Amino acid sequence: MEESIHPFSELFSQLGLPADETSIRAFIARHSPLPGDVRLEEAPFWTPAQAQLLREERIDDADWAVVVDQLNVALHATPAPQ
């Protein structure tokens, strides 16, 4: 079976967040870096429904796991100085 890769915009739409590139970049900049010991779905800015979606997609749905992991990396990364 072929694995499907979803873009960030689809994940943000699933989370009920603005899904345009500018909004996604702003969200990541506003909420990063997450401390290393905080799991993505445990971050304080998610609603309970968003946290549950992230948890389920990462654990249960392989085609979404890739983009959820990418979001995890992006939110744990230290932003580059401008």
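## Secondary structure

The protein chain contains four helices and zero strands, and along the sequence these elements follow the pattern α-α-α-α. The coordinates come from a predicted model, and every value below should be read with that in mind. Of the 82 residues of the chain, 34% count as buried. Among the contacts with a separation of 6 or more, 63% are accounted for by residues 24 or more positions apart.

## The nonpolar core

The largest nonpolar core is made up of 20 residues, and those with the most contacts inside it are L11, W46, L54, L71 and L75. Helices α1 (8-14), α2 (21-31), α3 (48-60) and α4 (62-76) each supply at least two residues of this core, and α4 gives the most, with five residues.

L11 shows in detail how one of these core residues is surrounded: once its neighbours within four places in sequence are left aside, L11 is in contact with L54, W64, V67, V68 and L71. Two of these partners, L54 and L71, also belong to the group with the most contacts inside the core.

## Aromatic pairs and their cluster

The structure holds five aromatic pairs. In one of them, F12 and F27 meet edge-to-face, with 5.4 Å from centre to centre and 90° between the planes. This pair links distant parts of the chain, since F12 belongs to helix α1 and F27 to helix α2, 15 residues apart. F12 is buried, with a relative accessible area of 0%, and F27 is buried as well, with a relative accessible area of 7%.

F27 also forms an aromatic pair with F45, again edge-to-face, at 5.5 Å centre to centre and with 85° between the planes. Here too distant parts of the chain are linked, with F27 in helix α2 and F45 in the loop between α2 and α3, 18 residues apart. F45 is partly exposed, at a relative accessible area of 22%. Taken together, F8, F12, F27, F45 and W46 form one aromatic cluster.

## Buried polar and charged side chains

Several residues with polar or charged side chains deserve a separate look. H31, whose place is in helix α2, has a relative accessible area of 19% and is therefore buried, the cut-off being under 20%. Not counting residues up to four places away in sequence, H31 touches F45 and L75.

Q50 lies in helix α3 and is buried, with a relative accessible area of 10%. Its contacts, when residues up to four places away in sequence are not counted, are with L15, L17 and F45, and F45 is thus a partner of Q50 as well as of H31. The C-alpha atoms of Q50 and G16 are separated by 8.2 Å, although the two residues are 34 residues apart along the chain. The side chain of Q50 also reaches the backbone nitrogen of T47, at 2.8 Å.

E57, also found in helix α3, is buried yet has no salt bridge, and the nearest side chain of opposite charge, that of R58, is 10 Å away. Leaving aside its neighbours within four places in sequence, E57 is in contact with W64, A65 and V68.

## Salt bridges

Side chains of opposite charge can pair when their charged atoms come close, and in this model the count comes to three salt bridges. One of them joins the side chains of E21 and R25, at 2.9 Å from N to O. Because E21 and R25 are four residues apart in helix α2, they are separated by about one helical turn. E21 is exposed, and so is R25.

The other two involve E41, which counts as buried at 4% relative accessibility. R39 forms a salt bridge with E41 in which the closest N and O atoms are 3.0 Å apart, and R39 is partly exposed, with a relative accessible area of 41%. R58 likewise forms a salt bridge with E41, the closest N and O atoms being 2.4 Å apart. Because R58 lies in helix α3 and E41 in the loop between α2 and α3, this pair ties together parts that are 17 residues apart in sequence. R58 is partly exposed, with a relative accessible area of 26%. Through salt bridges that share partners, R39, E41 and R58 are joined into one network.

Terms used
Residues numbered from 1 in each chain as written. Predicted model: local features only at pLDDT ≥ 70, side-chain atom pairs only at ≥ 80, totals over all residues. Heavy atoms only, no water. Core = buried A, V, L, I, M, F, W, Y, C linked by side-chain atoms within 4.5 Å. Buried < 20%, exposed > 50% of the residue type's maximum accessible area, 1.4 Å probe, protein only. Contact = heavy atoms within 4.5 Å. Polar contact = N/O pair within 3.5 Å; in protein donor to acceptor, adjacent residues only side chain to side chain. Lys, Arg positive; Asp, Glu negative; His and termini not counted. Salt bridge = Lys/Arg side-chain N within 4 Å of Asp/Glu carboxyl O. Phe/Tyr/Trp six-rings, centres within 6.5 Å; stacked < 30°, edge-to-face > 60°.
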